[in-house]
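Trainee: Could you walk me through how to read the features of a model like this one?
Mentor: Sure, let's put it up and start.

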Amino acid sequence: MKRVVSIILAIVFVFSAGATAEVAGLSIGSCEVYAADISGTCGENVSYTLSGSTEKGYKLTIEGNGAMDNYNYNAPWSDYRASITKVVVNSGVTTIGAYAFYGCTALESVSLPNTLTSIGKQAFGICWSLTSLTIPEGVTSIGVGAFANCCGLRSLSLPSTVTSIGKSAFYYCEKLTKITIPEGVTSLDAKVFEYSESLYTINYAKKGVTIASIKGTKSGFTVKYNLQTKLADGYQIQYSTNKNFKNAKTVTVKNLDTLAKTIKKLKSQKTYYVRVRTYQAYTIHTNSSGTHTRYLYSAWSSRKSVKTK
């Protein structure tokens, strides 16, 4: 009889534990237990709802009006962050708080509204499973380390409205292969791309150079262009007999204050098409303790034509 009573009590205990697990989003044996929606506030006029389960993953919805709170590793959903797979931020929310989704290592899908204006410090830090993200127009500021250690991130689209990008914003984004920096950004920290060793293409949306004049010389030409100091270490001059720059040749001018360049040993009495852009070099460390030099290039200037003498 005692053994029967013990078995009954054990069964009662399991079922009562199941009720608690339902709130916590756990699983019992081979049966998955879905969590009741967990909700609360994450800003003065902003709230969150967490729905789903540990095994299937959680969806985190942020809604309301105005700014999210900033955190320091202690967002209200931090106990569940390893199981959050989807984040939806609804229209009306204006900021992503510091460390908001930090450590959400299972996060695969993020939807952001066009009311957003800033992304805080380490907001998406260590979101390993995030492979792509489009940041909407209207965002002007990306915080320090905002996407640091997003080692699975392959595609990141920045809006034209961004004017500020914090230090180490793209630290250790080792699978990111290309990025375009909006023209409103005028400075970048030297380590903004540190350890992002697959990043071969860094474009700057701004047309930083204007050709001031171009004059044909004997079997060559002289091109003059205006000084640039924003995101620039030097200039590149490209020229070709083809207006689409097929088989073009490129000459690098390493001194930023050198505002004219004479190209020689060309064909005489020939029309050449010429354009200029700036470049800035970045040294990126790699996992093998080596370094790579990567270049941020501005957009090309308008094309000019010149006839050699």
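What follows is a chat about the strands, sheets, a buried serine, backbone angles and a cavity.

Mentor: First, the ground rules: this is a predicted model, so local features need pLDDT of at least 70 and side-chain atom pairs count only at pLDDT 80 or more, while totals for chains, interfaces and linings use all residues. Residues are numbered from 1 along each chain as its sequence is written, and side-chain values use heavy atoms, with hydrogens and water left out.

Trainee: What does the secondary structure of the protein come to?
Mentor: Helices (H or I, at least four residues) and strands (E, at least two) are DSSP runs, numbered from the N terminus. Here that gives one helix and 24 strands.

Trainee: And how much of the protein is buried?
Mentor: Buried means under 20% relative accessible area, exposed means over 50%, and partly exposed is in between, using a 1.4 Å probe and protein chains only. Buried residues are 43% of the 309 residues. For contacts, meaning heavy atoms within 4.5 Å, take those with a separation of 6 or more: 46% of them join residues 24 or more positions apart.

Trainee: How do I read a sheet?
Mentor: Strands of a sheet pair through backbone hydrogen bonds, either parallel or antiparallel. The rule used here is that two strands pair if DSSP finds at least two bridges between them. One open sheet has five strands in the order 6-8-10-12-14, with parallel pairing. Strand 6 (66-67) and strand 14 (164-165) are at its edges with a single partner strand each, so one side of each has no neighbour in the sheet. Inside the order, strand 8 (residues 93-96) and strand 10 (residues 118-119) pair in parallel over two bridges, and Thr95 has Ser118 as its bridge partner in strand 10.

Trainee: Which strands form the antiparallel sheet?
Mentor: Three strands do, in the order 17-18-21, again as an open sheet. Its edge strands are strand 17 (211-217) and strand 21 (260-263), each pairing on one side only. On average, neighbouring strands there are turned by 15° against each other, direction ignored; the axes are lines fitted to C-alpha atoms (for helices over the stretch in contact), and angles run from 0 to 180 degrees between N-to-C directions. Strand 18 (residues 220-225) pairs with strand 21 over four antiparallel bridges, and Lys224 sits opposite Ala260 in strand 21.

Trainee: What should I look for in the side chains along a strand?
Mentor: In a regular strand the side chains alternate between the two faces of the sheet. Strand 15 shows this: Ile179 and Ile181 point to one face and are buried, whereas Lys178 and Thr180 point to the other and are not. Strand 15 runs parallel to strand 16, joined by four bridges, and Thr180 stands opposite Asn203 in strand 16.

Trainee: Where does Ser196 lie?
Mentor: Ser196 is in the loop between strand 15 (178-181) and strand 16 (201-204). Ser196 counts as buried because its relative accessibility is 0%. Beyond its neighbours within four places in sequence, Ser196 contacts Phe170, Tyr171, Tyr172, Cys173, Glu174 and Ile284. The side chain of Ser196 also reaches the backbone nitrogen of Cys173 at 3.1 Å.

Trainee: What about backbone angles?
Mentor: Most residues other than glycine have a negative phi, and most peptide bonds are trans. Tyr73, not a glycine, has a positive phi near 70°. Tyr73 belongs to the loop between strand 6 and strand 7 (84-89), and counts as partly exposed because its relative accessibility is 41%. Lys265 has a positive phi too, about 60°. Lys265 is in the loop between strand 21 and strand 22 (271-285), and is exposed at 82% relative accessible area.

Trainee: How many cavities of 30 Å³ or more are there?
Mentor: On a 1 Å grid over the protein atoms alone, a cavity is a set of points where a 1.4 Å probe fits but cannot get out, and lining residues have an atom within 4 Å of a point. Grid points are joined across faces, edges and corners, and a volume is the space filled by probe spheres set on the points. The count is one. The largest cavity holds about 40 Å³, and its lining includes Tyr204, Lys206 and Gln228.

Methods. Polar contact = N/O pair within 3.5 Å; in protein donor to acceptor, adjacent residues only side chain to side chain. 1 Å grid on protein atoms, 1.4 Å probe; cavity = no way out; pocket = protein on both sides within 12 Å on 5 of 7 lines; lining within 4 Å.
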